[in-house]
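Q: Please take a close look at one single part of this structure with me. Then lead me from there to the parts around it, at a pace that suits a first-year student.

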Amino acid sequence: MKESYPDEFCVSYKIKEMGYFLNLKWEDDHLTLKQFSNDHPGIQENITPIINEWVDFWHRMDEIEIWDWYDEYLMTCLDACREGDEWEIGIVFGDRRMESHGANSYPSTFREFVKSLEELTDFLIEFIHQD
C-alpha cells in the first residue's frame, strides 16, 4: 500500500524568541525529524509510521480540510504584539497538493494539524499556542 505514503512532505516550524526549530521531511521511506531549541539539545531521528498511521493521518487531513488552506497567513506585529512564530508546509499526496506558510497567524485547523503530526510521529511539538 505504498499509495498511502506521501509523494512530498515537508513541515517547518520555528519560534524565534525561544530559538525553537522543527523540520519534518519525507525522505525515501521515512520521515526525518530535526528539532532544537535554546533549552534543549538538538534531536535528529528517522520515524517510519506504519501504513495504518498514514491512512489515519490522511483521513484526518481531509476532515480538517488542509487541502483548502490559503497559501499565506500573515499578521505583522508592530506595537500590538510580539513576534511569534513562522511555519511552512508543503505536501503532495497523490493528486492532492498543498503549500502554505505563515507568521503569527494560522488557519483555523492548524492546532488539529499539529496534533495529527504528533500522533503520526509520536513526538511532542512545541507549538506556541498549546492548550
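A: Let's begin with E63, which is partly exposed because its relative accessibility is 45% (buried means under 20% relative accessible area, exposed over 50%, and partly exposed in between, with a 1.4 Å probe and protein chains only). Please keep in mind that this is a predicted model, where local features need pLDDT of at least 70 and side-chain atom pairs count only at pLDDT 80 or more, while totals for chains, interfaces and linings use all residues. Residues are numbered from 1 along each chain as its sequence is written, and side-chain values use heavy atoms, with hydrogens and water left out.

What does E63 pair with? E63 makes a salt bridge with R60, and their closest N and O atoms are 2.8 Å apart (a salt bridge is a side-chain nitrogen of Lys or Arg within 4 Å of a carboxyl oxygen of Asp or Glu). You can find both E63 and R60 in helix α1, which covers residues 51-63. The two are three residues apart, about one turn of the helix (helices are DSSP runs of H or I with at least four residues, strands are runs of E with at least two, and both are numbered from the N terminus). R60 has a relative accessible area of 29%, so R60 is partly exposed too. Elsewhere, K14, K16 and E86 are joined into one network by salt bridges that share partners.

That network deserves a careful look. E86 meets K14 in a salt bridge, at 3.6 Å from N to O. This pair links distant parts of the chain: E86 sits in strand β6 (residues 85-93) and K14 in strand β1, with their positions 72 residues apart. Because its relative accessibility is 33%, K14 counts as partly exposed. E86 is partly exposed as well, at 27% relative accessibility. The side chain of E86 also forms a salt bridge with K16, at 2.8 Å from N to O. Here E86 is in strand β6 while K16 is in the loop between β1 and β2 (20-27), so this salt bridge ties together parts that are 70 residues apart in sequence. K16 has a relative accessible area of 48%, which means K16 is partly exposed. In total, the rule gives four salt bridges.

Now let's go back to helix α1 and turn to rings. The count of aromatic pairs comes to 20 (rings of Phe, Tyr and Trp, using its six-membered ring, pair if their centres lie within 6.5 Å; planes under 30 degrees apart count as stacked, over 60 as edge-to-face and the rest as tilted). One of them joins F9 and W54: their ring centres are 5.7 Å apart and their planes stand at 80°, so this pair is edge-to-face. It connects distant parts of the chain, because F9 is in strand β1 and W54 is in helix α1, 45 residues apart. Are these two rings buried or exposed? F9 has a relative accessible area of 2%, so F9 is buried. W54 has a value of 0% and is therefore buried as well.

F9 has another ring partner in F57: this pair is also edge-to-face, with 5.8 Å from centre to centre and 65° between the planes. Again distant parts of the chain are linked, with F9 in strand β1 and F57 in helix α1, 48 residues apart. F57 is buried, because its relative accessible area is 2%. Looking wider, ring pairs link Y5, F9, W26, W54, F57, W58, W67 and F93 into a cluster.

Another place to visit is A103, which belongs to strand β7 (residues 96-103). With a relative accessible area of 17%, A103 counts as buried because it falls under the 20% cut-off. A103 and L74 are 29 residues apart along the chain, yet their C-alpha atoms are separated by 4.9 Å.

Finally, let's step back to the whole chain. How many helices and strands are there? The secondary structure comes to two helices and seven strands. Following the sequence, you will meet them in the pattern β-β-β-β-α-β-β-β-α. Of the 131 residues in the chain, 44% are buried; F9, W54, F57 and A103 are among the buried residues you have met here.
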